[in-house]
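Got the viewer open and a hand on the selection box? Let's walk through this one stop by stop.

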Amino acid sequence: MAEQASLESPVWNRPLPDDPELAAQVREIREKHLLQDARPPREVAEKVLGPMARLGRVFWLALIVLGGLTATWLATWAYQAYQGMGVTGLNRTIMWAPYIVNFVYFIGIGHAGTFISAALRVLKFEWRAPISRAAESLTVFALLVAFTMPLIHMGRVWKFYWMLPFPNQRQLWPNPRSPIFWDMTAIFTYLTCSMLFMYLGILPDIAIAREKASGWRKRLYTVLALGWRGTDREWKHLDTTLNIFSYGIIPVMFSVHTVVSWDFAMTLQPGWNSSIFGPYFVVGALYSGVGAVIIIMAILRKALHLEYFLREEHFNAMGKFLLILSFTWVYFYFNDYLLPWYHKEPILTVIFRLFTSGWAAPLWFTMLIANILIPWATLWSRKVRSSIPALVGVALLVQVGMYIERYLIVAVTLGYPELPFDWAVYVPRLPEILITLGVFAFVVLGITVLSRLVPIIPIWEVVEGQLLQGTRRIGRAIFPAKTEAD
Amino acid sequence: MFSSLWWRVGRFVRTSPARLFLLAGVVVAGALALSGSAAPAGTTQPIAFNHQVMVQAGVQCLFCHNDALRSPSPGMPSVELCMGCHKTIGAGRPAIKQLADYYARGEPIPWARVNYVPRFVYFSHKVHLTAGGLNCENCHGDVGHMKVVEPVARMSMGWCLDCHSKQTNAPQLRDCVICHR
Amino acid sequence: MSELETRLLDRGQSAAAAPKTELPSHKWTMLIDLDKCTGCNACVVACHVENNVPIRSEREVIRGHGQHWIRIERYWEGEGDAQRATFLPMLCQQCSNAPCEPVCPVYASVHSERENLNLQVYNRCVGTRFCGNNCPYRARQFNWFAPQFEGPITEMLNPDVTVRSGGVMEKCTFCVQRIRRVEEDALVEGRPLRDGEMVPACAQTCPTSAIVFGDRSDPQSQVAQRLGGQREFQVLEHLGTAPNVYYLKAGGSDGGAG
Amino acid sequence: MADTQLLGLFNEAASTAEVIERLRRAGLGDEQVSVISSVPYRSRMLRRPEITSRISAVAGIGALVGVVIGLAITFGTYLLNPLPVGGQPQFPIPPTLIVVFEVTMLGMMWAAFGAFLFINRMPVFGQPPFSEDVVDGSIGVLVQAEESRSAGIERLLREAGASAVERFDSSARANNRTWIKVMGGTGAAVTLALVLVLLLAYDVIKIPFPTNMADTVSIAHLQGPRLAAPAEAVPVQGPVFIAGQPAVPQVASSPSSIQRGQVLFGINCLMCHGEKGQGNGRLATYFNPKPADLTGEKVRAFADSDIFLVISLGSGQMPSLAENLSPTSRWDVINYVRSLQK
Amino acid sequence: MTEKISRRDFLRLGAAGAATGVLAGCTSPRRWVVLEPFVRPPEQQVSGVATWFATTCRQCPAGCGVIVRLMNGRAVKLEGNPEHPLNRGKLCARGQAGLQMLYHPDRLSGPLLQSTRGSREFSAIDWNEGINRLFQALAKAGPAVAMLGGATMSDHLFDLFSKLLAAVDAPPPVIYDLYTELGGYRTLAQAMGQVYGRAALPAYRLAEADVVFSFGAEFLGTWTSAVRYGVEYGAFRSQPYGKRGLLVHFEPRQSSTAVTADDYVAIAPGSEGLVAGALLRLIADGNLGLAGRAESARGLAPSLDVEQAARECGIPLEALQRLARRFADAEHAVAIPGGALAGSSNGMHAARAIEALNVVSGNAPAGVNTTPPDLGLARKSLNTFADVQSLIARMRAGEVQMLLIHSTNPAYELPEAAGFLEALAQVPLVVSFGAMVDETAVWSDLILPDRSYLESFGYEVVSPDFGSPVVSSQQPVVTPVFDARTTGDVLLTVARGIPAAAAAMPWDDEVDYLNQMVAGLPEAAYPASTAEEKRARFQQHGGWWPAPAVAAPTLRPQPFTVTAERATFDGNETDYPYFLHVYPSVLLSDGRGASLPLLQGVPDPMTTIAWQSWVELHPATAERLEIRDGDLLRVTSPHGEIVAAAYVTPGIRPDTVAIPAGQGHQDLGRFARDRGSNVVQLLGAALTDEGGGLRWNGVRVALARTGKRIATASLESKVGVTEGLGYE
C-alpha cells in the first residue's frame, strides 16, 4: 500500500507514520537525503538568507586579505606593463609560461560549474540542486580571471583592442585563423552565457530575498529581481530558457577547452602538436574543476552554515564523480605518454627523459601522485568520500597535480624546441608569482562576496525538489521515491 | 575629496538619466582635447610664409621642395635658396626681413610641421611623383590657394588604402612591407 | 597650376586609364655555404648596425634575453677528444609556409607573396609571442624591454628601419629596407632589378662570401645558379616550413662559382 | 475605469486548482487569472491550460543570426584584407567553422535570454503584487477584474478557503520612475562606451602611447640639427669640381637626357628664363638687369663647363642651384638648354 | 708669443670643432614637429638619400678600406670598400662596429687636466690652454721627450710625431701594442728578414693553394688581416673546376680557424716549430713529394728523432707522416706561422722552421719576395718589447721629462712585471691623446683627445701588402661629434712655436700636409693628372694603388738554418699543471674593442659568451677539479693571478687552459669598465730567445676554485649542444 506524495497536505508538514519502526526508517531517510528532509519554505529560505546577511569578523578579515592580494595583482600588472615583459622569467625560447598556465588552469576550473548545473540538469540528477549555484559562481569568476590572463601576458596590452573585430580606419581586422581569436570568441561566448545562465537561475531566489530583505538589500533585490513574480507563465518560460541554456552551453563548454588545447596543438612545438590534446584537455579541465567545486562547497558549508543543504550524500556523489574523471584523465594521459615511450623520435625522447629522469622528474612524479595515486587509493572508499576534510584534501591535491601538469606542458616542454642550441629552462620570478597568487585570491574573493549578495543555495530548486520527493513503502521497508511530475 | 566628487557626479546623474548623455559628451570632448588627434601644429610658422603668392608668381612646388623628385623626403629649401631670390625680390617686406635676419644669424628657420605620418610609415615622394604620376595637389590639396597651409587629409592608413584601391593604376597595397619596415 | 605639374598630372591620368600596375615579384633566397663560414660574427654585427637591433646588457643576456637577428649557432660533432665544433648561422628562414604567420591574431606577422618574404609589422604587433613559440628555429626576437641607446649612439640608428619599442616581436627581414630601396629606384628608372644589386648587410660584409643572396626567380642570378647541388640542405626540412634559406654542407665544394 | 487585482492565498495546490475552477465558472478566463508561487507548479496540478513557450523559436532565430554574424566576421576579414599567411588559402574553412560555431551558440543563448525578458515584460523595477506568504509556501491566485466585480470575487476567494485576500490597484505594478532611471542609465553608459570605441577606432581620438613607434630616437629626414659631411670630404661619386680644371660633362646629350633636362628646366629655370629660355619668365620683371636670354649669343658662346659653373655657383642675381640640381641633372639641363639654342 | 700662436691657431682650428653639442636632445624620443632646413646647403647631399664616403678602418693595424653610409649627415653604416685591393668590399665584426668609436657616449669633449695622477678627477680646459701646455712642456723638455704609439696610429700621424721628435733631437717614437705582439708581427717580420732578406710582415696567398698548413695562425679570426684572409679563404675553398683546398690547423685550442679546418691537430703548446721540423725531416728522409722538394728539405731539415718529436707534439707518428706526404705532394702548399708561436720562447726558430716549409714548397709569401716601389711616404715600423723595456728603463732613470702616448694603452696592455707604471711615476708630464679615458689616460696629466678615424684625415701604407703596395686614405666623413681635435693639427700648431720643428714641418695643417704627400705618389690605378685631382681621387677612391701588375719575385730565399725544439714555459709542472694559452678575442681583439657595446654584446663564436671573460677547460680537467661552468677560478701563474669564470669545452687539450685577451678594464668607458679579468696580468716580462719579443706564450698556470659562481652570459644551451638529441 503506497503512500502517495499527496498534494492534499503540503509536503513540508507530512506526518510521520504511526508505526515507530517505520517512523524511525523515515527519520533516517530524511536526515540522509536533503530532498526527503522537507521543511517549510519559510524555514528553508531563512536557512539560506539568514547567514547571508550576517557578516562576521572572519568575513571582513577574509575580505581584507583577499582584497589586498587582488590589489597586489593589479599593481604588479601595472608595473609589468610599464617596465616590459622582461621583468618576468620568460626568455627567448620560453615565450609563454606563467600566465598561460594560469589561463589553462582557470578555464579548466570554469568547466565544472557549467557541467554540474547544466549537464546534471539535463540528466535530471536532483541531488545537484544545492551544489549547482556555487559551482556556477566558481565558473564565472574563474572565467573572468582566465580572460585577463592573455591580456596580462601581452607585450603591448594597451593595443588589445586590435584583437577585436570592429570597423576601423586602417581597414584591418583580426585574423580568424589564429587560435587566439578562437579563444576570444569561445571564451566570450562561454563567459557571457554562463553569467546569463546563472542569473536566470537566481531570479526566483532574488524575488524571495526581495520579500525577506530590508534596507539597501531590499532595494538591490527589487532591481535585480526584474519584477519576477513567479506566475505560472513566468515559471514555464524560465523552465524553457534554462533548458535551452543547458543544451546550448554544454557543447560550448567542450569547445572552449578544446580551443584552448589548440593553442598548443596548432604549433610545431614537439610535445604540443598532438591530436589528442582536445579531449585530453577537456577531461583534465573537468577533473580539476570538480575538485575545485568540492573545495568551494566545503568552504561555503563552513562559512555560511549550510550543513542542512550540503550533506554527506553530495560530497559522496562528487567524490565518485572525481574518481571517474580521474580514470578518464589517466586514460588520455597514458595515450599521450605512450607515444614517446614507444617510438624514439629524438626530441620527444628528450622531453620524455626530462620528465622521467631529468630535472623535471620531481614535478612529474608529484603530479602523478597527486593526480592518480592518491585519488585512486582513497576515493574508492565511501568513508573517505563522505568525510569532508579527507575529500577536500584529495581535491586540493588534485588541484596541485593539475596545475603542475599544465606547468609541465606549457612552461617546461616549451623549453625544448627542435634545435638543441635554443633549449632553455624557465624559472619564475616575483611578478608572475604575485600575479598568480593575486588571481587565485580574486576568485575566492569574488565567490565570498557573491555568496553574501545572492542566495548561494537555489532555494526554489531545493523546495521544488522536496515537493516532488516522497517515500514508498514495500512490506516493512520504506524507500525514498520520486514523483515524476512531467 | 574624490569621494565627494564621485558623490556629486552620482547625484548629477541620478537626478536625470538624460544628464548621463551630457556627461558622456563632456568625457568624449575632453578625450578629444587631450589626445594628439588635433592636427599637428601647422598653423603657427616662425615666418608668415604665404604659399599662394609664391605659386601665383609661378614658382614651382618642386623648386623649393626640391628633393621630392629624387628622394623619399620632400626636402625643405635652405635659407640660402630663399635668399637667392629674396635678396632681390620683396627685400623690403617685413617677412623677408625676418628671413634675412635668420640668414644673417646663420640660423635655420624652425618651420612647423604641417602634414604628419608616423615614423613607422615609409612614404616615398619620389615614387609617387615619378612612377606614380601623381602631383602635389593629390595629397596636399590646392596649396596654391592657401595663404596658410593646412593639412587637407588625415593621412591615416585607410586613406592610403582607399586611394590605392580607387586609383586604378596604383598598385594594390597587398604586402605591408611597401609602407612598414 | 604649373606646367610641370600639369604634365605630371596628365601622365597620371593617362596612366589612370591603364590597367592596375602590378609591382614586380621576386623570390628572394639566401644561400649559406657552411664550408666557408668561419664564425667570425661579421654578419652579426653588420646586422645589428643595419637594422637597429639593440644590444642587450649582460644581465639581460644571462636571463636569456639576448637579441640577435642572425646568430652563429655552435654545435659539437664527434665523440670525446675527436669532438669538433661546427658553425650554423641561424636567422629567420623566411619560410614559404611560415608557422609564425597564421597564429598571429592581428596580422602582424604576414607573408608577402610578391617578395616571397615573411614580414613582421612592428607597429601592428601586440606582443602575444605566439609566433615566437611557433617558430621551430627560434629566429624571432622579442623586445623584453624597450631598447636603450645611450647618448650619441642614437645618431647611428638607421632611419630606414623602425626602431622597435618594448613588447614587440622582431626578426630578420632580409634587409627589406634595402630591397625596397633598390626596388623603388628600379621602379623610378623603369627597369628590372639587376642581380647583385640587392645585398643584405650580412651577405655584403661576409669576408668569405659564405652568404649568397639573390632572386631565385631569375635563372641567371648567382643564387639560382648555385642551387640544387649535392651539398644543399635546409634546416628542419621535415617540418614542411619550406624555408627560403638554403645551406650547403661543409666539406665539399661546387666549382666555378666563387 | 481602473482594474483592481485581487490576490488570494491558498495553502496547497489542490484547493488552488479548485478555486481556479470556480473562477472559470464565474467567467474569469485564464488570461485574467494567474497563479503565483515561489516554487514551480506544473499546470496540470492546478488544472491550468498548458502554456506553450515561443522562446525556443526565438532562440533558433538567434542562432541563425549568429551564423550570419560569424560568417560576416570571418569572410569579411578574408575579403577585406586578403593577407596571405602560412601558405593557407584565402578562404580557410576549418577556422571559419570554429568561429561560426561559437558565434552561433552566442546568438542562440543571448536571443533566448532576450526573449525571456521580453515575453515576461521584464525588467520591472518595483514591488509587484506579491505576498510574503507566497515565499512561505502559499499559492497565490491573482485575479484581474473591474472594480465593480472585485467584491464578488473576493467573496468567492474567501469562500474557497483563501487564508487571506489582498488588493492591489494595477498602477502599483510598474514603477516607471526607477525603470527610466535604470534603463536610461544603462542605455547611456552603453552609448557612451560605443561612441568612445568608434572615436578610437577611426583615430578621431589618438592616444599617443609611450611605446607606439610613431616617434623614435633615430634621426628623421629634415630633422634638426641638420648635419653635413665636412666640406673637404669627397664622396665616392667623386668631387663636383676639381680646382683649376674645367668640369667634364658626366651626361652625354641624348633625347632622354634632354627630356629630363626639360622637366628640370621647367621646375628650376623657367620662372625666370621663360618657356623657351629667352629670359622672359614671369619673375623676370623683378630683376634688373633681366635674366639672361639662354638662346642668345652670349650664352651660346659659353662652354658647357661655364654654364655648369653658373648653375652651380650662381652669378649676379641668379642664385646657386646646386641644391636643386644634382651634378648629373645639371648636365641634363645644360643639354636641354643647348637643344633650345638649336 | 705662444699666446699669439695659439690664439691664431685656435681661431683656425676652432672652425673644425664647431659642431659641439649638436646631440642635445637627440637621445629622448619626442614628437618631431620641426622641419629644419640647412642654412647653406652642402653639395651632393640630399635629405633622405644616402651619400657614401670612402675612408680607412682603424680598428686594427691592417688598414682595410671602408665606405661610410651617410644619412642626414650621420654615419649610419660601414661597408668594405669594393675597390680597395686589401679587403675587396668585405669587413670584419670589429670593422663593422667602428661607428660606435665615433658615437661612443664616453668620448671626451675637449682637453682634460688631471691634478693628481690616478685620481680620475679631471678638470676640463679649453683647447687653447691644452695646446699651450703641450707647447710649453715640449719647449721645456727639449730632447727628453719620448713617444709611445700604437700600431693603429695612422702613418701620417707617425710621420708628424717622428718629425717633431727629430726636430727636438729626441729618440724616435716607440710603436708597440699588445695586438701586434699577439699577432707576432715584429718577430715574423724579422724571421722573414732572415729567410728572404727583407723584414716585412708576410702575406700568404691562399686563393690558389692546394694545401695550407696553419701553425697556430688564427688567420680567420684576428691574425694580421683577417678580412683579407677571409676573402682568400673563400676563394681557396671553391677554386675553379671544383677544386677545393685543404686546410690543416695546428693549435692546442680549437679556434674558429681550427673549426673551419679540414684537419685539426691539437698539438702540445709551443711545439709548432717542432712539428714543422719533423715534417721537414720526414719529407727529407722519405723522399716525399714532387721533384726537388726532398732535396731542398734535406738542406733545411733539422736533425731530430721523429718519433720523439711526434710524442712531444702529441701527434701520432703516422698522422705526422700522412701530413708530411700531403704537404710534399701538394703542388701549391703553404705553411702559415701564427702569432702564438712568435710569442713562445723559441719564436724565431719556429717561424724559420715553418717558413722553411714554404721554401721547400717554393711558395714565398707575398710582401717579402718583392721590393715595393718607393712611395716617398713614411710608414710605421713596429718596435719590439725590448725597445719598450729600454724606454721604460729610460723613464725609470728619469731621462724622460715628457711622455706622449697615442692609440696604445700600456697601463693595460703591458704585464705588471714590465714595471711601466712605476717608471711612469718618474716622468714629470704624461700626455695622452686618447679619445676616451683609458687605463693609461688615468695615469697621465694632460689628455688632448684625438678625433675618431671617421672624423680625421690621414693615410696608411697597408701592411701586410698582398703583392701590390696600397696607400689607404682616411678622410673625415661627419662633422665632428665631440670637441676633439686631430692630433696632427695639434702637433703642427705646436711645431710652429719650435723653430727647428717649424722648419721640418712647414705645413699649416694636416690637410695641407696630406696634399703634399699625395701629390708625390706615382701613377695610380685610376687616372689623375694634377695635384688637386690626385688628392680628390685619392679621397674619392679611398686610397692609392697601382694598376694590378704581376710582380715578379725578385728576392730569393737565402741560406738559413732551422732548429726545432719545443718552447719552454715558466713555472714547474707540479705547482702549475696547466699550459696557459692566451689568444686575442675575435671581437675585442687585444681589448680596444671592449669599449664598444656592439663587440661586447655579440657572443664569441666558440663559447657564445658575451660581456664576460672566461677560462676554457677540458671536461676531463673540469671533472678532476669538480668545476662547473661559471665557477670563479683563481688562475695563478708565476707572475700573477686573476679570477675568471670557467667554461668547460671539449675544444681544448686537457693539459691546457685558454683565456682570451680583451676584458678586465678598469676604465675605457662604461661598457668596458669592471668586466671579467685581464689575462696579461698572468704574463711575465721575459723576452723570447731571439728578436726581443714578449714571451707571452710561455707560462704555466694553476687553477683553484674560489667557491663563488657567476651566471654565464652565453647564448647557447650548454645541455643542448653538448648532450644534444642523443644521436648526434
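Which residue of chain A forms a salt bridge with D:Asp136? Select D:Asp136 and look across to A:Lys212: that is the partner, with the closest N and O atoms 2.8 Å apart. Keep in mind as you click around that this is a predicted model.

**Stop 1: chains D and A**

That pair is one of four salt bridges that the rule finds across the interface of chain D and chain A. Polar contacts are there too: 15 residue pairs, counting those with both residues at pLDDT 80 or more. Now colour chain D by secondary structure. Several elements each supply at least two residues to the side that touches chain A, including helix H1 (13-25), strand S2 (33-36), helix H2 (55-80) and helix H6 (176-201). Helix H3 (93-119) of chain D is on that list as well, and H3(D) gives the most, with 15 residues. Colour that side of chain D by residue class and you get 47 nonpolar, 17 polar and 11 charged residues.

Zoom out to take in the whole contact. Chain D brings 75 residues and chain A brings 72. Between them the two chains bury about 6800 Å², and 69% of that is on carbon and sulfur atoms.

**Stop 2: chains D and E**

Stay on chain D, but show chain E next to it. Here the contact takes 30 residues from chain D and 45 from chain E. The buried area comes to about 3500 Å², with carbon and sulfur atoms giving 59% of it. To see where chain D loses the most area to chain E, select D:Arg226, D:Leu227 and D:Val236; together they make up 20% of what that side buries.

How many salt bridges does the rule find across the interface of chain D and chain E? One. Select D:Arg330 and E:Glu43 to see a salt bridge whose closest N and O atoms are 2.9 Å apart. The rule also finds 14 residue pairs in polar contact across this interface, both residues at pLDDT 80 or more. By class, the side of chain D that touches chain E splits into 19 nonpolar, six polar and five charged residues.

**Stop 3: chain B and B:Ser73**

Switch to chain B, which has nine helices and one strand. Follow the sequence along and the pattern reads α-α-α-α-α-α-β-α-α-α. Of its 181 residues, 45% count as buried.

Next, select B:Ser73, in the loop between helix H4 (61-64) and helix H5 (79-86) of chain B. Is B:Ser73 buried or exposed? It counts as buried, because its relative accessibility is 4%, under the 20% cut-off. Show the neighbours, and three chains turn up in the list: B:Ser73 touches B:Asp67, B:Ala68, B:His125, D:His221, D:Leu222 and E:Ser47, leaving out residues up to four places away in sequence. Its side chain makes a polar contact with the side chain of E:Ser47 at 2.7 Å. A polar atom of that same B:Ser73 side chain lies 3.2 Å from the backbone nitrogen of B:Gly75.

**Stop 4: E:Phe569**

Last selection: E:Phe569, in the loop between strand S18 (543-544) and strand S19 (578-584) of chain E. At 15% relative accessibility, E:Phe569 counts as buried. Among the residues E:Phe569 touches are E:Pro269, E:Phe579, E:Arg695 and E:Arg700. For a distance label, pick the C-alpha atoms of E:Phe569 and E:Leu246: 32 Å apart in space, and 323 residues apart in sequence.

Notes:
Residues numbered from 1 in each chain as written. Chains lettered and ligands numbered in written order. Predicted model: local features only at pLDDT ≥ 70, side-chain atom pairs only at ≥ 80, totals over all residues. Heavy atoms only, no water. Helix = DSSP H or I, 4+ residues; strand = E, 2+ residues; numbered from the N terminus. Buried < 20%, exposed > 50% of the residue type's maximum accessible area, 1.4 Å probe, protein only. Contact = heavy atoms within 4.5 Å. Buried area = accessible area lost by both parts, 1.4 Å probe. Salt bridge = Lys/Arg side-chain N within 4 Å of Asp/Glu carboxyl O. Polar contact = N/O pair within 3.5 Å; in protein donor to acceptor, adjacent residues only side chain to side chain. Nonpolar A, V, L, I, M, F, W, Y, C, P; charged D, E, K, R; others polar.
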